[in-house]
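Please find below a note for a colleague who is beginning to read protein structures. The points are numbered so that each may be checked against the display.

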Amino acid sequence: MKRECFAETGFLGAAVLSASLTALILIFMLFLGFPLFRGGCFFTLLTTPWNPDKGLFGIYPMLAGTLSIVFLSLCWAFPLSLGASALISVIAPTGFAKFCKKTVQMLTGIPTVIYGFVGVFLLVPFIREMFASGSGMSILSASLMLSMVISPTMILIFTDTFESIPASYSAAADALGASPVQKLLYVILPYSRQGIFAGLILSVGRAMGDTLIALMLAGNAVAVPGSILDSARTLTAHIALVIAADFDSIEFKTIFAAGLVLYVFTTSLILLVRIIGGMGMKNR
Amino acid sequence: MTENKSNEIKIKTVNLSFYYNRLHVLKDISVEFPERSISAIVGPSGQGKSTFLMIFNRLWETIPDARMEGEAFIRLKNKWVNIYDRSISLPELRRSAGMVFQTPNPLPMSIFKNISFPLKLSGVIEKQAVDEKVEFALKQAFLWEEVKDRLSDDARSLSGGQQQRLCIARALTLDPEILLLDEPTSFLDAGSGQIIEDLLLSLKESCTILLISHYMDQIRRIADRVMELSGDTSNNS
């Protein structure tokens, strides 16, 4: 009895601790960013450009950089992941499907910095040669590499969704003579809509939170990008760059604004996934 | 069964054996089933009755570690075909040999879409042809009167017996020559079971029916012949 009681308290403590961490981080960010809030400065930060010489410390360029890299990387990664998971769970013969799935699982374990290296030494020169403009460090390079980083997780989420289709639906489609592709289009995909959407949103969060790829491949120029071949800086890269060079200046304060924006974005994405998941339970 | 009756035979197996990994479930079965009849398959659980049905639409092939020996033939449009011949188109085979499962398995879509699903799969898209086919299949399955005003409702909102007739109707949409039924009444109440028995008797005119059943009284009522699958041998009577 005593041991059970002990274990119960222990687990409760662990749960409370990890749950309160989320809240504590938010409080910490608000506290350190507080000077920015006075006088409504926070919201001007989001919309003004970055020009320290003129005393402008807006993070709008980083916001634009983040959004364009994330959006573009999803444009590459989403179709790729959908196709790969269709291949793994429906179309490919069992042996080959297993091989593909193992490979994808392995890809999720590769450190991001390795992808960054591959990008710097292979992708960036390629982009530079191909478009003959600038250094090759661009939104395009970063988004392509970032799509490689987020695809494996997305593929695994989609594969799980596709394979969770009730056996009776699968058997019904098979027994009526559906080809694998027909089964995918008419039964599995409609049934998996919510899972696909959830996987997509989680990947947006992942892409937004990634620091290293953009830091190594996007060039980090502090300007609102005009094309996908332009260099750009993301919120995460901005935090990393400023924190490495500086502490205690207005410049330094802006990283809390950047952090808060990221925090709010990713938290609302996760809440959205929860809501979708809840709707899914009701529909079934 | 003798040679001179072979023109009436619809389905036959030759030295059929089946294995799940090392488990030997069907042992050297050579059997023939005449057309336009209801043949009941009986026997204790775990003797491979469901597996035996899946031989004829090759549905077992998705099961890992399953293996078949021997041959199986069906006569489609008066031509004998080896079910396991490489040139056989699997979708076509499955459209000619419809299957109904123990648990009704409507797809998560409307009643109409469930019935028209096999038509969609085989590329029939002309609206009027689809409507006619759906109505005909539902009438054939004694379900039309009950659902004609609610065809757009979710099929899963039907009662168990209605769902099972829906599944039979769905299998009938493509005019199969063979119907494979795996204990279709075991989860239904007596009334719904009765309707399905009457339905099967009426379908006998156009289809060759293989029916797995645990109910001896049901078999006595509707089966023309009985095949018993037990431990070592299969007996025909």
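**Notes on chains A and B**

1. Helix α5 of chain A, residues 94-108, is a suitable place to begin. Its 15 residues reach 21 Å from the first C-alpha to the last, close to the 21 Å expected at 1.5 Å a residue. The number of buried residues among the 15 of α5(A) is 1, so this helix lies largely in the open. The reader should bear in mind that the model is predicted.

2. Helix α4 of chain A, residues 60-91, may be examined in the same way. It has 32 residues and a reach of 45 Å between its first and last C-alpha, close to the 46 Å expected at 1.5 Å a residue. Where does the kink in α4(A) lie? It is found at Ala77(A), shortly before the proline Pro79(A), and amounts to about 25°.

3. The next point concerns chain A as a whole. It contains 12 helices and 2 strands. Along the sequence, three helices are followed by the two strands, and the remaining elements are helices, in the pattern α-α-α-β-β-α-α-α-α-α-α-α-α-α. The C-alpha trace spans about 70 × 70 × 30 Å along its principal axes.

4. Burial and contacts add to this description of chain A. Of its 284 residues, 36% are buried. Among the contacts in chain A with a separation of 6 or more, 74% are between residues 24 or more positions apart.

5. How many residues of chain A are in contact with chain B? There are 15, and they meet 19 residues of chain B. On the chain A side, α8 (167-175) and α9 (180-209) each supply at least two residues. The greatest contribution to that side comes from α8(A), with 6 residues. By type, the residues on the side of chain A that touches chain B comprise 9 nonpolar, 5 polar and 1 charged.

6. In chain B, attention may be given to strand pairing. Strand β1 (residues 9-20) and strand β2 (residues 23-34) of chain B are antiparallel and pair over 8 bridges. Within this pairing, Phe18(B) has Leu26(B) in β2(B) as its bridge partner. The two strands form a hairpin with 2 residues between them, and Asn21(B) in the turn has a positive phi of about 55°.

7. With which other strand does β1(B) pair in the antiparallel sense over 8 bridges? The partner is β4 of chain B, residues 66-76. In β4(B), Ala72(B) is the bridge partner of Thr13(B). Strand β1(B) thus appears in both pairings described here, with β2(B) and with β4(B).

Terms used. Residues numbered from 1 in each chain as written. Chains lettered and ligands numbered in written order. Predicted model: local features only at pLDDT ≥ 70, side-chain atom pairs only at ≥ 80, totals over all residues. Helix = DSSP H or I, 4+ residues; strand = E, 2+ residues; numbered from the N terminus. Buried ≥ 20, exposed ≤ 12 C-beta atoms within 10 Å, placed from the backbone. Contact = placed C-beta atoms within 7 Å. Expected span 1.5 Å × (residues − 1). Bend = angle between axes of the 7 residues up to and from the residue. Nonpolar A, V, L, I, M, F, W, Y, C, P; charged D, E, K, R; others polar. Pairing = 2+ DSSP bridges.
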